[in-house]
Amino acid sequence: MPEPTRIGLTEPTRDCLLEMIKEGIADNNWDLYKLAVALEISEGNSPPPLPEKANGMFRTYELDPDSVLCAAVENMNLVKDNEATYSVVERLGEVGVKKLYEEYKSTGSISLDKLLVNID
Amino acid sequence: MKFQTINLLNFMPYRGTHSVQFPQDPTRNVMLMTGDNMRGKTSFLNAIRWCLYGEALDRSRHKIDNLKLINTEAAKLGEYEMSVSISFSEGEDQLEMLRLVKRQDEAQIPLVEQHLVETTDLTLNGNPQTADEISNIINRIMPSEISRFFLFDGELLQEYESLVVEQARQADQIKERIEQALGVPALINARDELKVIQEDATKAQERDARKDKQTKSKASQLAELLASQELLEKERAGINEQQTEMEKDIGTLQNELSQTEAVQRRQHDIDLIKTNQKNKETALDTIEVDIKDQLKTLWLAVLETRIKDKVKAIKQERDRIQHEYQQFASLQEQQSNLTKSLESEECAYCKQPLKQQERQAIESRIADIQSKLGNESPNYEALQKLTNTVDLLNNIKGQGEISRVLNLSKQKQGLRVELVQLDTRLAQLEEEVKGFDTSEISRKRKRLDQTLVVLEQSRNKARELNEKLGKNKEQQGAISKVIKQASGASSRRSSTKVDIVNMLAQIFERGIDDLRDSVRDQVEQTASSAFMQMTTEQTYQGLEINKNYGLQIKDQHGDIVKLRSAGAEQIVALSLIDGLNKTSGRLAPIIMDTPLGRLDPKHRENVLKYLLTMAEQVVFIVHEGELDREAISRAGIANRIGGEYQIQRISATESTLVRAGA
């Protein structure tokens with residue numbers, strides 16, 4: 001399966017990400033996006049298909065220059081046959097960003113301690 | 001001085017008219033006035049103070065505005081007339097003092113102090129006195145500054161300690177009034193009048209000396225000194241005037257500021273909170289930056305925790321395959337060497353010819369190796385792939401971001417809670433200072449501080465001038481002597497007058513010191529005696545007096561007891577009152593609000609017993625808890641009570657005075 005060179009978020013989720021960045025949750029889109037993906041990987045759940053087309057806001061070689069995300073997703077057995085790994089990363093990102101945004105909306109901030117307490 | 005009757009109208013909780021008769025029988029000279037807290041005990045004491053001196057004081061000894069003294073219920077009904085009158089005797093004289101407050105005709109509802117008008121009337125043996133005379137007469141009978149010793153508020157003991165601090169400004173004023181009561185100013189005034197005569201005499205001497213050739217030059221010097229003295233005195237008078245103005249200004253500012261003390265404290269707290277908020281917000285910003293910094297690589301740390309087991313499993317698999325591969329290679333090498341040996345008929349290792357038996361053993365070993373090697377060679381590609389995966393996954397390594405972020409989040413949460421608490425407190429305080437001009441208060445505080453500094457500078461300047469004046473006088477004295485020795489008959493007469501006046505001035509100067517020492521000694525002795533009768537600590541030697549009439553307790557070694565309890569303070573204050581009473585030769589009534597509150601039962605009994613000897617009239621204003629009927633009985637007071645009143649509650653803002661047994 002050929003790997004996409006760009007991945008991103010659906011328009012509504014992208015707006016959520018940009019709002020959180022604007023509110024100063026993180027310095028840039030990548031930091032928060034990669035954290036969202038990492039948290040989803042650590043959950044170990046298979047991500048659902050995207051509800052709509054993603055916007056391709058990240059170049060994969062820029063987002064994941066060492067292919068670390070790619071390797072993590074593959075080795076956590078989240079990639080099914082005939083699936084591009086970065087497509088899975090994209091779907092994980094979509095779910096992860098939505099979750100972070102829900103947390104942000106309900107409490108006014110992202111309580112990292114709550115998110116990380118089970119991980120540490 | 002002996003009180004006869006007090007009449008109150010709408011004064012504080014006493015709505016309408018109320019009258020209290022003071023006991024007149026010298027053998028039954030004690031009056032009890034009882035009431036629960038907040039019913040008006042201190043208000044009764046204030047009624048006497050207000051009538052005599054025009055000021056009622058709150059617990060911080062700040063003057064209460066007349067507007068606040070008018071009974072609330074009466075004011076609600078539009079009755080803005082308040083008065084207190086006291087009839088009393090002083091020696092053979094009969095006096096009646098009335099202080100009355102009414103609203104100004106044009107003020108329908110008085111909102112500020114200026115909407116009220118206050119008048120005072122005093123009759124002396126039935127003759128009305130002028131406004132100027134009223135204050136003189138009252139201050140002669142019981143000076144306002146020492147009235148605190150007679151109108152005694154047991155809750156305000158701390159101010160008696162100010163007399164112990166020799167530099168205290170308040171102590172200076174009290175000392176002056178005490179000396180006034182004890183008669184010291186009579187000598188001081190005489191000395192000051194002699195100074196004027198002294199100057200006139202010196203001028204006359206200078207005029208006479210100028211006429212004499214022999215003393216002409218000395219006369220010029222004396223004239224210069226007199227001129228210089230005049231200038232210095234003029235300058236000193238100017239400074240004194242400035243100081244009086246400044247002291248007045250300071251008093252006004254302190255009074256104004258003291259009324260807004262609570263606001264100042266709150267403003268100070270607001271400033272502190274705002275600074276605190278700023279510091280915490282900065283700390284919060286720093287934490288936010290740190291968290292964002294950690295966020296850059298936090299995702300790696302998150303992945304690491306989940307992937308590390310996976311990496312471990314992959315590594316084990318890679319190591320297993322690697323081991324298998326190494327074994328396969330080793331067997332292959334053995335097989336190759338053994339095959340070579342068979343082909344060359346000699347041992348591949350030791351190069352010796354092979355025997356039949358050895359050939360068979362080699363063939364068997366080769367067969368064994370072939371069976372171990374099997375048909376499939378190890379998967380080198382898989383090994384390579386696993387090695388690459390491990391290398392890749394090894395990059396997923398955090399640097400302790402999770403624990404750092406957790407720690408930072410905890411700090412952040414703590415700071416946010418503190419900021420919310422500060423916000424709440426700030427809102428409360430800002431609500432409390434709403435309506436006050438806090439910047440005006442700050443300006444006043446600044447002006448007070450500056451005036452205090454200028455006053456201190458002015459005092460230093462006055463000291464310098466006094467030194468210069470002292471030197472000038474010395475020089476005048478020396479020149480006077482020379483003139484006297486060298487002069488003719490007329491100069492000698494004026495010189496003799498100067499000598500006489502100088503001698504008299506010295507006598508009065510010493511007289512003032514002697515009188516002061518003497519009255520102080522007398523106050524010390526009588527106060528010590530009173531103290532020893534009231535204290536239960538019989539090892540004490542007594543009391544020691546300082547220049548301000550402050551009294552300190554001497555222990556068994558004659559050392560000063562540095563820290564005294566509130567109870568001891570009360571007994572020392574009572575001893576001072578007794579000392580002043582007996583030294584001044586006047587017996588003023590003693591009216592005590594909460595006098596026994598801080599005393600243990602034994603001290604109460606001692607004090608009650610002693611109080612009977614202290615004044616012609618003693619009024620105890622007490623609450624039932626403080627009133628120990630048994631102690632009264634033991635102290636022998638029961639049959640000395642000539643009157644008893646109860647302060648009874650009518651409502652939260654209204655009380656009435658009921659004569660017991662009436």
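Begin with chain A and colour it by secondary structure: along the sequence, this chain of the predicted model follows the pattern β-α-α-β-α-α-α-α, which comprises 6 helices and 2 strands. Shading the chain by burial shows 43% of its 120 residues counting as buried. If contacts are drawn between residues of chain A at least 6 apart in sequence, 76% of them join residues at least 24 apart.

Next, display chain B beside chain A and select the residues where the two chains touch, which are 24 residues of chain A and 23 residues of chain B. On the chain A side, the elements that give two or more residues are helix H2 (29-43), helix H4 (68-75) and helix H6 (112-116), and the largest share, 8 residues, comes from H2(A). Coloured by class, this side of chain A shows 13 nonpolar, 5 polar and 6 charged residues.

Stay in chain A and centre the view on H4(A). Because 7 of the 8 residues of this helix are buried, H4(A) is largely enclosed by the rest of the structure. The buried residues to pick out are Val68(A), Leu69(A), Cys70(A), Ala71(A), Ala72(A), Val73(A) and Asn75(A). Which elements cover the buried residues of H4(A)? Among them are H2 and helix H5 (85-107) of chain A, together with helix H9 (261-344) and helix H11 (380-393) of chain B, so that both chains should be kept visible here. Following H4(A) along the chain, one reaches Asn77(A), whose phi is positive, near 60 degrees.

Now move across to chain B and isolate the two covering helices, H9(B) and H11(B). Their axes come within 9 Å and cross at roughly 150 degrees, and H9(B) passes H11(B) in a left-handed crossing. To see the contact, select residues of H9(B) including Ile307(B), Val311(B), Ile314(B), Arg318(B), Ile321(B) and Tyr325(B), and residues of H11(B) including Tyr380(B), Leu383(B), Leu386(B), Val390(B) and Leu393(B). By class, this contact has 11 nonpolar, 3 polar and 3 charged residues.

Widen the view to the whole of chain B, whose secondary structure comes to 17 helices and 14 strands. Buried residues make up 27% of the 662 residues in this chain, and residues 24 or more positions apart account for 74% of its contacts with a separation of 6 or more.

The nonpolar cores come next. The largest has 80 residues, and those with the most contacts inside it are Ala47(B), Ile48(B), Ile86(B), Val572(B), Ile590(B), Ile591(B) and Ile621(B); helix H15 (residues 566-584) of chain B provides the largest share of this core, 8 residues. Centre on Ile621(B) and, leaving aside its neighbours within four places in sequence, show its contacts, which are Met33(B), Lys41(B), Phe44(B), Leu45(B), Ile591(B), Met592(B) and Asp593(B). Apart from the largest core lies another, of 52 residues, whose members include Val73(A), Leu112(A), Leu303(B) and Leu408(B). Val73(A) has already appeared on this tour as one of the buried residues of H4(A).

For the final stop, select strand E13 (residues 641-651) and strand E14 (residues 654-659) of chain B, which run antiparallel and are joined by 6 bridges. The two strands form a hairpin with 2 residues between them. To look at one pairing in detail, pick Gln648(B) and find its bridge partner in E14(B), Thr656(B).

How values were computed
Residues numbered from 1 in each chain as written. Chains lettered and ligands numbered in written order. Predicted model: local features only at pLDDT ≥ 70, side-chain atom pairs only at ≥ 80, totals over all residues. Contact = placed C-beta atoms within 7 Å. Helix = DSSP H or I, 4+ residues; strand = E, 2+ residues; numbered from the N terminus. Nonpolar A, V, L, I, M, F, W, Y, C, P; charged D, E, K, R; others polar. Buried ≥ 20, exposed ≤ 12 C-beta atoms within 10 Å, placed from the backbone. Pairing = 2+ DSSP bridges. Axes fitted to C-alpha atoms, helices over the stretch in contact; angles between N-to-C directions. Left-handed = near helix turned anticlockwise from the far one by under 90°. Core = buried A, V, L, I, M, F, W, Y, C linked by C-beta atoms within 7 Å.
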